[in-house]
Amino acid sequence: MSDETQAPPSGLHVVVTGATGNVGTAVVRALGEQPTVSSVLGMARRETRWTAPKTRFDAVDVTTGDLDTTMRGADALIHLAWLFHPTHKPEKTWENNILGTIRTLTAAAAARVPVIVVASSVGAYSPGPEDRHAVDESWPTHGWPGAAYPREKAYLERWLDVFEHEHPHTRVVRLRPGFIFQHGSASAQRRIFGGPFVPGSLVRAIPVVPAMPGLSMQVVHADDVADAYVRAALRPVSGAFNIAAEPPVDAHMLADLLGARVVPVRSGLVRSAAALAWHTHLAPAEPGLFDTVLRLPLMDCTRARSELGWSPVHAPTEVLREFVDGLRSGAGLPTPPLAPDSVRGRVREVATGVGSRP
């Protein structure tokens, strides 16, 4: 982060939920580098041995934990806690992602935490325009109804509208990032989206990349997203911000990276294969998530650049290359969500039911 970033006086205490995940680990690292931040409380469902400067970790579940105590004395809350699984039990993700968020923000308001930064997503947006022009933060956020992830993100957008109205003295910021990757998240994201039967080494031998209408996405490095979260917490801004690197990733960019060739494929065939894999518990990602990706808008990140002073350091090709290298090596980080790939871990994925446990 630049030294020009405007920040409040030193001595800030920041609470971060979901502090041991892909984004959380990056945010905790970034906060530790800020001279204006004196302490960080990292909350996560499971205990961790990982350490970070200025940070104390607590195992606190947002659905059942004592949030009143954890919020006491906080100068800012960065709320990242989120479950992608179990996709076969959407009531469980709803309990964590919706009810847990409501509990967390309600506790923060009761503790008079003055700044709340919430993780929204490009997935909250309604399907993009047919001409594929990039949309700003005013684009409707009704999500795609066919998958839990966009439904839940869209619901939280509506709930935050009410929360902001009821708490006008709380500065609320929503970040809507694209797809977030880093080297250490590779094994975790393989578990979340690919499942135990997808070998990370497979990316060495992919001969073709499918091209489908609408299949392009915006990516961003976890460290760049963390920079945006810290800026949002420290600068006097509010409202929503799109966060992504340019240009968007399409089949041709991915094929160049992998040394593969592009082959046009009917999206219906891929969707049918994804549905079969999910229903037979061979893959954890529900088919509605594939439908969501095909309909996502491209985001205009002008507001983040002008009001947050944010711009990504990592180009999309760099982000993907780092992530692919992580897949090939089974990379991870020393936290429960980001544990490196292992035979024992894959066996546990199968034994507990693919897509059936958090």
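**Exercise 1. Identify the residues with the most contacts inside the largest nonpolar core, and the helix that gives the most to this core.**

Solution. Begin with the criterion: a nonpolar core is a set of buried Ala, Val, Leu, Ile, Met, Phe, Trp, Tyr and Cys residues joined through side-chain atoms within 4.5 Å, where buried means under 20% relative accessible area, exposed over 50%, and partly exposed in between (1.4 Å probe, protein chains only). The largest such core has 40 residues, and those with the most contacts inside it are Ile 78, Tyr 229 and Ile 243. The helix that gives the most to this core is H6, with nine residues; helices (H or I, at least four residues) are DSSP runs, numbered from the N terminus.

This is a predicted model, in which local features need pLDDT of at least 70 and side-chain atom pairs count only at pLDDT 80 or more, whereas totals for chains, interfaces and linings use all residues. Residues are numbered from 1 along each chain as its sequence is written, and side-chain values use heavy atoms, with hydrogens and water left out.

**Exercise 2. List the contacts of Ile 78, leaving aside its neighbours within four places in sequence.**

Solution. Contact means heavy atoms within 4.5 Å. With those neighbours left aside, Ile 78 is in contact with Val 14, Val 15, Val 16, Thr 17, Val 27, Leu 31, Val 117, Tyr 229 and Ala 233. A second, separate core of 21 residues includes Val 15, Met 71, Val 113 and Ile 116.

**Exercise 3. Describe the salt bridge between Arg 231 and Asp 227, and place both residues in the secondary structure.**

Solution. A salt bridge is a side-chain nitrogen of Lys or Arg within 4 Å of a carboxyl oxygen of Asp or Glu. For Arg 231 and Asp 227 the closest N and O atoms are 3.0 Å apart. Both residues lie in helix H6 (residues 222–234), four residues apart, which is about one turn of the helix, and both are buried.

**Exercise 4. Explain why the pair Arg 190 and Glu 349 ties together parts that are distant in sequence, and state whether each residue is buried or exposed.**

Solution. The side chains of Arg 190 and Glu 349 meet in a salt bridge of 3.0 Å, N to O. Because Arg 190 lies in helix H5 (residues 186–194) and Glu 349 in helix H12 (residues 343–351), the pair ties together parts that are 159 residues apart in sequence. Arg 190 is buried, with a relative accessible area of 5%, and Glu 349 is likewise buried, at 8%.

Notes:
Helix = DSSP H or I, 4+ residues; strand = E, 2+ residues; numbered from the N terminus.
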